[in-house]
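I opened my notebook to look up the ligand site first, then the charged pairs. Here is the structure I worked from.

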Amino acid sequence: MFADSSSSSYPSNYRSPRFWLRRMTRIPRPVRLLIFVVVVLLLYLDRGFVSPDADRGGGGWTGGSSRSRAAIPMVKSSFAWSKLQHRYPVESFTPLPTGKPRRLPRVQHKFTGRARFEVSRLESRRQEVRKVFKKCWGSYKKYAWMKDELAPLSAKGKTTFGGWAATMIDSLDTLWIMGLKDEFYEAVEAVATIDWEDTPETACNIFETTIRHLGGLLSAYDLSQERVLLDKAIELGDMLYAGFDTPNRMPPFWLDFKKAKSGGLVAEEHQPSASPCSLSLEFTRLSQLTGDPKYYDAIARITDLLDKHQYDTMLPGMWPTFINMRDLIFNQERTFTIGALADSLYEYLPKMYEMLGGLEPVYEKLYKGSMETIKEHILFRPMLPDKADVLFSGTARVNHDGQVSLNPEGQHLSCFAGGMFALGGRLFGLEDHVEIGAKLAKGCIYAYNAFPTGIMPEIFNMIPCDTLNGCEWDEERWVKEVNSKKLPKGFVRARDKFYLLRPEAIESVFLLYRITGRKEFQEAAWQMFQSIQKATETEYGNAGIDDVTVTGETKKRDSMESFWLAETLKYFYLIFSPPDLINLDEYVLNTEAHPFKRPK
Ligand code: DMJ
């Protein structure tokens, strides 16, 4: 991309422009005219709807940098985790599956020339999203550079994830995707100096550091091929890999640095299932990029456990919200959800199948088995005045007689499920899953539209119909059950009324748009974006808000987590972009919206 184009040694088949002009004049005029029209049309369809933006260079969809570049040197971390002798070393490594990746069913809708043309209409929306991103990034740079987060009210930096510039690393690929190449390389130069040893903390959260930092570095490398990003990812990967040096090779929730160095780590007895069970995409990609099987081996052991215990839990097919990873007990806990604490465990099943090119069938088995149980016990259709055909997911509890009861509690966090079902449906040829996915995404859209701010609360309750086929609206029942006058019809409680700039709703809306090609999702996205912007904008960026049920001014919190730039704004940008930008048949997105290249 940055090759020197000023070279004067032309290839031997080079012909001067005059030669081609002479040739052209020999072609009859009408044919010449036709060629001209076709070429102009093709150029327009392909790139015409990218507005001439000062930040764009000549790099196609992903923009370009205004400067030519030398490789960015890495400043090594002061402790080499790769050299650490493990106390519980692995005797034989499970290698990545071998063979040519299978040709998997098409995931992304086949967008026609017409749909591509319509993208031009959406260019101004895309630029609106980009403007919001640029404002936040500008404030981060000015007030919180190298800090984990920008505090969007007080314009200060915060240390929330080890002090390793979480927002910067999490935003790298969004910068690239939005064509902000100068900002991207400036950030990469800063990232190249991060020392994982330099932290005020004594431990880090393995899950968060994997999905945000490791995921962010790997995807930025996949997109840019900037070597230093992979080198930093390896350094970090080796630190996180030390978390697997436990008696049973299962990682704890916290990576305590001192204990890790002395071989004293042990997995906890009560771990949220998402934590150990959604490290797989990042560790797999690291093995694929380095050729070192140790990272894949580490997560393959966890997958083996999911496989072994899938049908001996209290709710066969699913795994409990908390798992005893120390003693590997899966059949004691009685609560099951695909929301908070468990979410990405399920999300990663179809995604791992893709990441491994369909060569590891266990992920198909885990996906299909768990989705059957989820359909039966977790999904519900709410009683609504307009009888909208939408779905939500709740929490199931198994009592001591084995009876399963559903708590019809919707969560913003579980809004990712629409995208998961639709993706699984495409990959495994299950059309009903695509439709379930669409209904789940529409459920989140419905909830957004129902509240005065145009945003759904973090956690709320509804009244479930007896079946997924729906039920009549019963006003009396609703009036009896609702606990606040501020709640819209259909909602009976909002346990947590806040909105933290989370991405899950737009994530599913984006995936459903790309998978089905239905424009209604694009329209819903625009509505959501405008509501979020109106309710959360501050002088320096965007902030979480206390209460989505208010009608007037919202009360802001001094918080803007890194996923706002990494995920929420990325999905909003992509849904208004040409569908070739991060094509779902070429990339797998991790749970922090970091795209990894799928094997070919
Ligand atoms: C993100 O860090 C990820 O999307 C994760 O899977 C769930 N929580 C946040 C966003 O809400």
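I began by asking which residues lie around the ligand in this predicted model. I listed Ile211, Arg212, Leu413, Arg502, Pro503, Glu504, Phe563, Glu567, Thr591 and Glu592. I then sorted this shell by type. I got four nonpolar residues, one polar and five charged.

Next I looked up polar side-chain atoms beside oxygen atoms of the ligand. For Arg502 I found a distance of 2.7 Å to a ligand oxygen. For Glu504 I noted 2.6 Å from a polar side-chain atom to an oxygen of the ligand. Glu592 also has a side-chain N or O atom 2.6 Å from a ligand oxygen.

How much of the ligand does the protein bury? On its own, the ligand exposes 290 Å². The protein buries 92% of that area. I also checked the pockets, and the ligand takes up the space of the largest one. Two elements give two or more residues each to the shell: α7 (206-224) and α20 (563-575).

I turned to charged pairs. Side chains of opposite charge can pair when their charged atoms come close. I searched the whole structure and got 36 salt bridges. I picked one of them, between Lys439 and Asp389, with the closest N and O atoms 3.3 Å apart. Why does this pair tie separate parts together? Lys439 is in helix α16 (residues 431-450), while Asp389 is in the loop between β8 (379-380) and β9 (392-393), so the bridge links parts 50 residues apart in sequence.

Definitions and conventions:
Residues numbered from 1 in each chain as written. Predicted model: local features only at pLDDT ≥ 70, side-chain atom pairs only at ≥ 80, totals over all residues. Heavy atoms only, no water. Near = heavy atom within 4 Å. Polar contact = N/O pair within 3.5 Å; in protein donor to acceptor, adjacent residues only side chain to side chain. Areas by Shrake-Rupley, 256 points an atom, 1.4 Å probe, with all protein chains shown as cover. 1 Å grid on protein atoms, 1.4 Å probe; cavity = no way out; pocket = protein on both sides within 12 Å on 5 of 7 lines; lining within 4 Å. Sits in = over half its atoms within 2 Å of the grid points. Helix = DSSP H or I, 4+ residues; strand = E, 2+ residues; numbered from the N terminus. Nonpolar A, V, L, I, M, F, W, Y, C, P; charged D, E, K, R; others polar. Salt bridge = Lys/Arg side-chain N within 4 Å of Asp/Glu carboxyl O.
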